[in-house]
Amino acid sequence: MPPSNSRFQRLSQAALSRSQFLQLAAGALVPFVGLPPSAAAAKNPVLAQNGGAPGTKDAAASDRMGAVLVSQFGPVKIHSYLSPLDGFHVNTQMIEGPTAVVIFDGQLLLSYADEVASYVQTLGKPIERIILSHAHTDHWSGLQVLTERFPDTRVFALDGIADQLRARGQARLDSFRPIYGDRIATKVTVPTEIIAEGVQRIDGITYDFRRFVDAESDLQLAALLPEQKVLMAFDLVFSPNEHAFTVVDHFDHWMIVLEQLKALQDYDTITIGHDTPVHRSAIDSTISYVKRAKEIHVASADAKTYNESLKAAFPDLQHAEWVDFSARLLYAGPR
Ligand SMILES: [Zn+2]
């Protein structure tokens, strides 16, 4: 059993205070991501569970393959579902307000999206909406399950995302099919509503939606929760302990975007697209990673060279297999 496990077990027994959460966000949870996915999932079905009143414990937690981290900010709870490694450790964020839940992103693999749906049902509140952060398949494939299980729920995304999915979604699913078979979606779930940029209140919670282009993806939503001081950065920011995805040649502009995020001084907690929340210092480590990846890309004529050089530059980072994935797409031409 990894030495960190007892800490998780203790945490799962008790409510997580904000300071504890920030401690976790600063790195205490990191050993979790180094476990093989099956071990991690089996031993830590709930990293910290403080949702619900006493007696409403999630009965499915012990069987869950993914992990759920719950963090509380006054009346608002953020439930972060983290998939096992074969689902790219992708997050679905569930923002629970006084009367409803807003879901961000829908998982890669259908079975994990199904776990998200079952989990959100335990909260006992209607889903106000689903919001898709960007058009990469690991974030939307499982929307097929969520929209089947919650057929009345509207799916929002930035203007342009629906067009990207109509144009390239099926090809992206087809490219994953040889690896995942029927574990990924059979059809593309296209968002039907456009999320407006700027400040809006949903279920009494203030969101400030921001639109960023040419970073980890061509078009990426970020959401600020100013009252909770939380930045939902999705795939703009990666964990300091893991490789980032570098699937498109937007290195320079991605660094500009990261500097813009860094200028948001008050946001100490950052939820990210893959892995548990991080401290704002992860913006700096992501900048360093993207800068080095850019240098290596400039110097590498082919995917193999890029792949080997990037792994060699960051020998201690987890998920070297993500570099295989990035190198293949980065050198496959425009996407
Ligand atoms: Zn992603």
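In this predicted model, strands β10 and β11 form a hairpin with five residues between them. One residue of that turn, Asp214, has a positive phi of about 50 degrees. The two strands of the hairpin run antiparallel and are joined by six bridges. A pair to look for on the structure is Asp208 and Leu224, since Leu224 in β11 is the bridge partner of Asp208.

A second hairpin can be found just before this one in the order of strands. Here β9 and β10 are connected with two residues between them, and Asp203 in the turn has a positive phi of about 55 degrees. Five bridges hold the antiparallel pair β9 and β10, and within this pair Gln200 stands opposite Tyr207 of β10. On its other side, β11 (residues 219–225) is joined by three bridges to β12 (residues 230–234), and these two strands also run antiparallel. In this pairing, Leu225 faces Val230 of β12 as its opposite residue.

These strands belong to an open sheet of six strands with mixed pairing, whose order is β9-β10-β11-β12-β13-β14. The edges of the sheet are β9 (198–202) and β14 (278–279); each has a single partner strand, so one side of each is left without a neighbour in the sheet. A helix is also placed against the sheet: α9 (residues 251–262) lies across β10 (205–213) and β12, and runs at about 155 degrees to β10.

Thr206 offers a view of the sheet from a single residue. This threonine is found in strand β10. Is Thr206 buried or exposed? Its relative accessibility is 10%, which is under the 20% limit, so Thr206 counts as buried. Not counting residues up to four places away in sequence, Thr206 touches Val199, Gln200 and Arg201, and also Leu224, Leu225, Pro226 and Glu227. Gln228 is 22 residues away from Thr206 along the chain, yet the C-alpha atoms of the two are separated by 9.0 Å.

Attention now turns to the helices, with α11 as the guide. Helix α11 (residues 303–313) and helix α12 (residues 321–330) have axes that come within 9 Å and cross at roughly 145 degrees. The crossing of α11 past α12 is right-handed. On the α11 side, the contact is made by Ala303, Tyr306, Asn307, Leu310 and Lys311, while α12 supplies Val323, Asp324, Ala327 and Leu330. Sorted by class, this contact has six nonpolar, one polar and two charged residues.

Helix α11 also packs with α10, at an angle of about 145 degrees and with the axes 10 Å apart. This crossing, too, is right-handed. Tyr289, Arg292, Ala293, Ile296 and His297 of α10 meet Tyr306, Ser309, Leu310 and Ala313 of α11. The residues of this contact divide into six nonpolar, two polar and one charged.

Which residues of α11 are buried? They are Tyr306, Asn307 and Leu310. These residues cover an arc of only 100 degrees around the axis, which puts them on the same side of α11. The cover over them includes α9, α10 (281–299) and α12. The face of α11 turned away from the buried side carries Lys304 and Ala312, which are exposed.

Helix α12 has a buried residue of its own to inspect, Ser326. With 0% relative accessibility, Ser326 counts as buried. What does Ser326 contact, leaving aside its neighbours within four places in sequence? Its partners are Ala244, Phe245, Thr246 and Val247.

The view can finally be widened to the whole protein chain. The chain has twelve helices and 14 strands. Of its 335 residues, 57% are buried. Among contacts between residues at least 6 apart in sequence, 65% join residues at least 24 apart.

Key:
Residues numbered from 1 in each chain as written. Predicted model: local features only at pLDDT ≥ 70, side-chain atom pairs only at ≥ 80, totals over all residues. Heavy atoms only, no water. Pairing = 2+ DSSP bridges. Helix = DSSP H or I, 4+ residues; strand = E, 2+ residues; numbered from the N terminus. Contact = heavy atoms within 4.5 Å. Axes fitted to C-alpha atoms, helices over the stretch in contact; angles between N-to-C directions. Left-handed = near helix turned anticlockwise from the far one by under 90°. Nonpolar A, V, L, I, M, F, W, Y, C, P; charged D, E, K, R; others polar. Buried < 20%, exposed > 50% of the residue type's maximum accessible area, 1.4 Å probe, protein only. Arc of directions from axis to C-beta.
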